[in-house]
Amino acid sequence: LAALEDAFQIRRELLGLEHLDTVDTLHNIASVRLNLKQYDLAAKDYYAVLVHRMEFFGQHHISVAATAFQLAWILETFLHQSGQAREFYLFSLHSYQALNLTEEMPRVQRILDCLSHLEEPYSAVGASFQKDTNEGLKF
């Protein structure tokens with residue numbers, strides 16, 4: 001983790017946060033933090049990756065949808081924040097649907113399975129999230 005954090009700092013200084021390599025390194029840090037059971041930190045990092053990937057690729061991109069799913073799964077499974085998890089599951093689902101992935105596709109089916117386990121049924125209303133650079137990340 002320390003080596004990845006050092007690499008992230010170097011890339012951030014040389015390339016900036018607006019560079020895909022920097023964001024990919026942050027994604028790798030989030031993955032390691034997840035494996036180390038640092039769920040709060042992993043969720044915050046995945047959120048930052050999601051925001052930056054949306055800036056690069058827009059909402060309807062496979063990496064954006066996958067990152068939103070990963071964040072939702074952490075929020076639901078480890079942080080027990082089902083309401084916020086639902087929002088990111090829906091966001092991921094809508095991104096995949098915009099890419100013409102149907103309910104038969106494994107990625108979409110996994111989201112639908114996760115949504116079915118939450119207390120409230122999901123709706124077709126879109127999911128949203130906020131980025132506030134002055135106050136940090138908000139789920």
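Of the contacts in the protein with a separation of 6 or more, 59% are accounted for by residues 24 or more positions apart. The model behind this value, and behind everything that follows, is a predicted one. Six helices and two strands make up the list of secondary-structure elements, and read from the N terminus they follow the order α-α-α-α-α-α-β-β. Of the 139 residues in the protein, 38% are buried.

A good place to begin is the packing of α3 against α4. The axes of these two helices come within 9 Å and cross at roughly 160 degrees, which makes α3 roughly antiparallel to α4. The handedness of this crossing is left-handed. On the α3 side the contact is formed by Tyr39, Ala42, Ala43, Tyr46, Tyr47, Val49, Leu50, Arg53, Met54 and Phe57, while α4 contributes Ser63, Val64, Thr67, Ala68, Gln70, Leu71 and Ile74. Sorted by class, the residues of the α3 and α4 contact comprise 13 nonpolar, three polar and one charged.

The next helix pair, α5 and α6, can be described in the same terms. Helix α6 spans residues 106-117, and its axis comes within 10 Å of that of α5, with a crossing angle of roughly 155 degrees. Angles over 145 degrees count as roughly antiparallel, and α5 and α6 are therefore roughly antiparallel to each other. Their crossing is left-handed. From α5, the residues Arg86, Tyr89, Leu90, Ser92, Leu93 and Tyr96 meet Arg107, Val108, Ile111, Leu112, Cys114 and Leu115 of α6. In this contact of α5 with α6, nine residues are nonpolar, one is polar and two are charged.

Aromatic side chains offer another view of the model. A pair of aromatic rings is described by the distance of the centres and the angle of the planes. With ring centres required to lie within 6.5 Å, the count comes to five aromatic pairs. One of them joins tyrosine 39 and phenylalanine 78, whose ring centres are 4.0 Å apart and whose planes are at 5 degrees, so this pair is stacked. Because tyrosine 39 lies in helix α3 (residues 39-57) and phenylalanine 78 in the loop between α4 (62-77) and α5 (82-98), the pair ties together parts that are 39 residues apart in sequence. The two partners fall into separate accessibility classes: tyrosine 39 is buried, with a relative accessible area of 19%, whereas phenylalanine 78 is partly exposed, at 26%.

Phenylalanine 78 also takes part in an aromatic pair with tryptophan 73. Here the geometry is edge-to-face, with 5.1 Å from centre to centre and 90 degrees between the planes. Tryptophan 73 has a relative accessibility of 24% and so counts as partly exposed. Taken together, Tyr39, Trp73 and Phe78 form one aromatic cluster. Tyr39 thus appears in two settings, because it belongs to the stacked pair with phenylalanine 78 and is also among the α3 residues that contact α4.

The loops between helices hold some details of their own. In the loop between α4 and α5, which houses phenylalanine 78, histidine 80 is also found. Histidine 80 has a positive phi of about 55 degrees although it is not a glycine. This histidine is exposed, with a relative accessible area of 64%. A positive phi in a residue other than glycine is also seen at lysine 37, where the value is near 65 degrees. Lysine 37 sits in the loop between α2 (20-35) and α3, and its relative accessible area of 60% makes it exposed.

Closer to the N terminus, the loop between α1 (2-15) and α2 contains glutamate 18. At 62% relative accessibility, glutamate 18 counts as exposed. Its C-alpha atom is 7.2 Å in space from that of histidine 52, and the two residues are 34 residues apart in sequence.

Definitions and conventions. Residues are numbered from 1 along each chain as its sequence is written. This is a predicted model: local features need pLDDT of at least 70, side-chain atom pairs count only at pLDDT 80 or more; totals for chains, interfaces and linings use all residues. Side-chain values use heavy atoms; hydrogens and water are left out. Rings of Phe, Tyr and Trp (its six-membered ring) pair if their centres lie within 6.5 Å; planes under 30 degrees apart count as stacked, over 60 as edge-to-face and the rest as tilted. Helices (H or I, at least four residues) and strands (E, at least two) are DSSP runs, numbered from the N terminus. Buried means under 20% relative accessible area, exposed over 50%, partly exposed in between (1.4 Å probe, protein chains only). Axes are lines fitted to C-alpha atoms, for helices over the stretch in contact, and angles run from 0 to 180 degrees between N-to-C directions. Angles under 35 degrees count as roughly parallel, over 145 as roughly antiparallel, 65 to 115 as roughly perpendicular and the rest as oblique. A crossing is left-handed if the near helix is turned anticlockwise from the far one by less than a right angle, and right-handed if clockwise. Contact means heavy atoms within 4.5 Å. Ala, Val, Leu, Ile, Met, Phe, Trp, Tyr, Cys and Pro count as nonpolar, Asp, Glu, Lys and Arg as charged, and the others, Gly among them, as polar.
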